[in-house]
Amino acid sequence: MTEAIARLSKLIQQSHRIAFFGGAGVSTESQIPDFRSDEGLYSDKQEKHYPYPPETMLSHTFFRRNPEMFYQYYFDKMVYPNAKPNPAHVALAKLEQQGKLAAVITQNIDGLHQQAGSKRVYELHGSVHHNTCLHCGKKYTLNEMLQWKGKGIPKCSCGGIIKPDVVLYEESLDGNVLQKSIRSIESADLMIVGGTSLAVYPAAGLLQYYGGRELVLINKTATPYDRRASLIIRDSIGKVLEEAIK
């Protein structure tokens, strides 16, 4: 165990109400690609199969105007039904079971925190596991949605279009999820941030509500909050959390 991970472990032991804020880097170790890294979905290295950039195809306007192409991209690039929780997800679930972790606040939409056993998960950008008919409001699971993969636009039994409960570009974050996240951050005595460059707003702006002394950043690249952090660890988040949480 490195000195930095040992220090994180001690901070965790001394804390009673921890909040974890995570981004795409938490899921990359489950083989789900992120967006902004060199190998991410937005990278020039990615082979171009689509006529529009991801920001356009994942927008509310594009979904409304071209739902068939939206779903081609969505099922191809955003949904990973075979992904499994990695050591980071498992360690955070363990920390919650110990009564130390108050909440996981995540920008991810894959549901892996819940699959690992976490109960208090606030999904800022929604989840691929929840889908709603825009006409009648009927709910659909991910497995039900996957029946439509490669078959056009998912339709409800009433004939309405089904939309994933994920926050697209041009859409607002869910106010209830936002408020619960803010309360968890405000009341935390330790804030752990992992797998995020803290570049996506408004989600990244939530850290301004943390008034505690100890801010831990676990990320392979620099973030705008590095100056404020009391501990920065540039390593695999799965490895770090697995070693630090006993």
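This is a short tour of a predicted model, one selection at a time.

**Stop 1: helix 1 and helix 10**

Select residues 3-14, which form helix 1, and residues 237-244, which form helix 10. Their axes come within 9 Å of each other. The crossing angle is roughly 55°. Two packed helices are described by the angle between their axes and the distance between the axes. Here the angle makes helix 1 and helix 10 oblique to each other. Turn the view until one helix lies over the other. Helix 1 passes helix 10 in a right-handed crossing.

Now show side chains at the contact. From helix 1, pick I5, L8, S9 and I12. From helix 10, pick V240, E243 and A244. These are the residues that meet between helix 1 and helix 10. Colour them by type: five are nonpolar, one is polar and one is charged.

**Stop 2: T106**

Move to strand 2, residues 101-106, and select T106. Is T106 buried or exposed? T106 is buried, because its relative accessible area is 2% and the cut-off for buried is under 20%.

Follow the T106 side chain. It reaches the backbone nitrogen of N108 at 2.9 Å. Next, display what surrounds T106, leaving aside its neighbours within four places in sequence. G22 and H113 are among its contacts. So are V121, Y122, E123, L124 and H125.

**Stop 3: the bond from Y201 to P202**

Select Y201 and P202 and look at the peptide bond that joins them. This bond is cis. Its omega is near 10°. Zoom out to place P202: it sits in the loop between strand 7 (190-194) and strand 8 (215-218).

**Stop 4: two residues with positive phi**

Start with Q31. Which elements flank its loop? Helix 2 (25-28) comes before the loop and helix 3 (54-57) after it. Q31 has a positive phi of about 65°, although Q31 is not a glycine. Switch on the surface: Q31 is exposed, with a relative accessible area of 64%.

Then go to E170. Its loop runs between strand 6 (162-166) and helix 9 (175-186). E170 is not a glycine either, yet its phi is positive, at about 85°. Where does E170 stand on the surface, buried or exposed? E170 counts as exposed, because its relative accessibility is 56% and the cut-off for exposed is over 50%.

Conventions. Residues are numbered from 1 along each chain as its sequence is written. This is a predicted model: local features need pLDDT of at least 70, side-chain atom pairs count only at pLDDT 80 or more; totals for chains, interfaces and linings use all residues. Side-chain values use heavy atoms; hydrogens and water are left out. Helices (H or I, at least four residues) and strands (E, at least two) are DSSP runs, numbered from the N terminus. Buried means under 20% relative accessible area, exposed over 50%, partly exposed in between (1.4 Å probe, protein chains only). Axes are lines fitted to C-alpha atoms, for helices over the stretch in contact, and angles run from 0 to 180 degrees between N-to-C directions. Angles under 35 degrees count as roughly parallel, over 145 as roughly antiparallel, 65 to 115 as roughly perpendicular and the rest as oblique. A crossing is left-handed if the near helix is turned anticlockwise from the far one by less than a right angle, and right-handed if clockwise. Contact means heavy atoms within 4.5 Å. Ala, Val, Leu, Ile, Met, Phe, Trp, Tyr, Cys and Pro count as nonpolar, Asp, Glu, Lys and Arg as charged, and the others, Gly among them, as polar. A polar contact is a pair of N or O atoms within 3.5 Å; within protein, one must be able to donate a hydrogen and the other to accept it, and residues adjacent in sequence count only if both atoms are side-chain atoms.
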